[in-house]
Amino acid sequence: MEGGTEAFPDLGKHCQLSDCNQLDFLPFKCDGCQKVFCVEHRSYKSHECSNSDHNSRKVLVCETCSSSIEIPRNSKGGEDEMNSILTKHQKSGDCDPKKKKKPTCGVKRCKEILTFSNTSSCRSCQIKFCLKHRFQSDHTCKSNHPVTAAAANRAQPFLVALASRNNGDCTKKSNNGALSGPKASTSVKAY
């Protein structure tokens, strides 16, 4: 069945999904199965394309040198085949343990590579983290040690200054005892 209308018989194409068959004036050709589809069925998933992974590349990572080895497209992906690809890589001379992956952040899914300028070591659990996860609350520190006496002594001047500030009134008082300051506008309300 060709597309088009009576006036323009060469215009558009019908969707090749058996349940749809809609006439579409801007059809999409699937690069996997080479069929024509409408807007609703143009994705691989919507028309259940049999060749949806034709452009995908599969890679195997070597445990020794952390290099990636591309798996051939015609590979079935069995465990024996993967092991043979790894042993072939290791015997080829390209596998160098000195290329091993650099250290990364200790948080489970963070892939930040640690360098001397962005590494922070937790004082409680002694694990190295990136700057984003350096605080105990950011990396769910397992060993929450109580505050030591030395740390309490360092915090003492700050606590004294904070207490004196809280006791003193930071707002200015006018002559009649009422607080003075900027008056809130009645027409604008903050939520």
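Two strands count as paired when DSSP finds at least two bridges between them. Keep that in mind for the hairpin of strand 5 and strand 6, where six residues sit between the strands and Ser 66 takes a positive phi near 60°. The model here is a predicted one, and this hairpin is a handy way into it.

Strand 5 covers residues 58-61, and four bridges tie it to strand 6 in an antiparallel arrangement. One such link can be picked out by eye: Lys 58 has Ile 71 of strand 6 as its bridge partner. Strand 6 itself, residues 68-71, shows two faces, with Ile 69 and Ile 71 on the covered one and Ser 68 and Glu 70 on the uncovered one. As a rule, side chains in a regular strand alternate between the two faces of the sheet. In the loop between strand 5 and strand 6 lies Thr 64. Thr 64 counts as partly exposed because its relative accessibility is 30%, a value between the 20% and 50% cut-offs. Its C-alpha is 8.5 Å from that of Gln 90, although Thr 64 and Gln 90 are 26 residues apart in sequence.

Stepping back, the whole chain holds two helices and eight strands. Along the sequence these come in the order β-β-β-β-β-β-α-β-β-α. Of the 191 residues, 19% are buried. The accessible surface adds up to about 16000 Å², and carbon and sulfur atoms account for 53% of that. As for contacts between residues at least 6 apart in sequence, 16% of them bring together residues at least 24 apart.

So what makes up the largest nonpolar core? This core has nine residues: Leu 60, Cys 62, Cys 65, Ile 69, Ile 71, Met 82, Ile 85, Leu 86 and Cys 95. Strand 6 and helix 1 (79-91) are the elements that give two or more residues to it, and helix 1 provides the largest share, three residues. Ile 69, from the covered face of strand 6, gives a good view of how the pieces meet. Beyond its neighbours within four places in sequence, Ile 69 touches Lys 58, Val 59, Leu 60, Cys 62, Ile 85, Leu 86 and His 89. There is also a second, separate core of seven residues, with Cys 105, Cys 110, Leu 114 and Cys 130 among them.

Polar residues get tucked away too. Asn 118 sits in the loop between helix 1 and strand 7 (119-121). Is Asn 118 buried or exposed? Asn 118 counts as buried because its relative accessible area is 12%, under the 20% cut-off. Its side chain makes a polar contact of 3.3 Å with the side chain of Glu 112, and also reaches the backbone oxygen of Ile 113 at 3.2 Å. Setting aside neighbours within four places in sequence, the contacts of Asn 118 are Glu 112, Ile 113, Phe 129, Cys 130 and Leu 131. One of these, Cys 130, also belongs to the second core.

A similar check can be made at His 14, which lies in strand 1 (residues 13-14). With a relative accessible area of 17%, His 14 is buried as well. A polar atom of the His 14 side chain lies 3.1 Å from the backbone oxygen of Asn 21.

Note on methods:
Residues numbered from 1 in each chain as written. Predicted model: local features only at pLDDT ≥ 70, side-chain atom pairs only at ≥ 80, totals over all residues. Heavy atoms only, no water. Buried < 20%, exposed > 50% of the residue type's maximum accessible area, 1.4 Å probe, protein only. Contact = heavy atoms within 4.5 Å. Areas by Shrake-Rupley, 256 points an atom, 1.4 Å probe, with all protein chains shown as cover. Core = buried A, V, L, I, M, F, W, Y, C linked by side-chain atoms within 4.5 Å. Polar contact = N/O pair within 3.5 Å; in protein donor to acceptor, adjacent residues only side chain to side chain.
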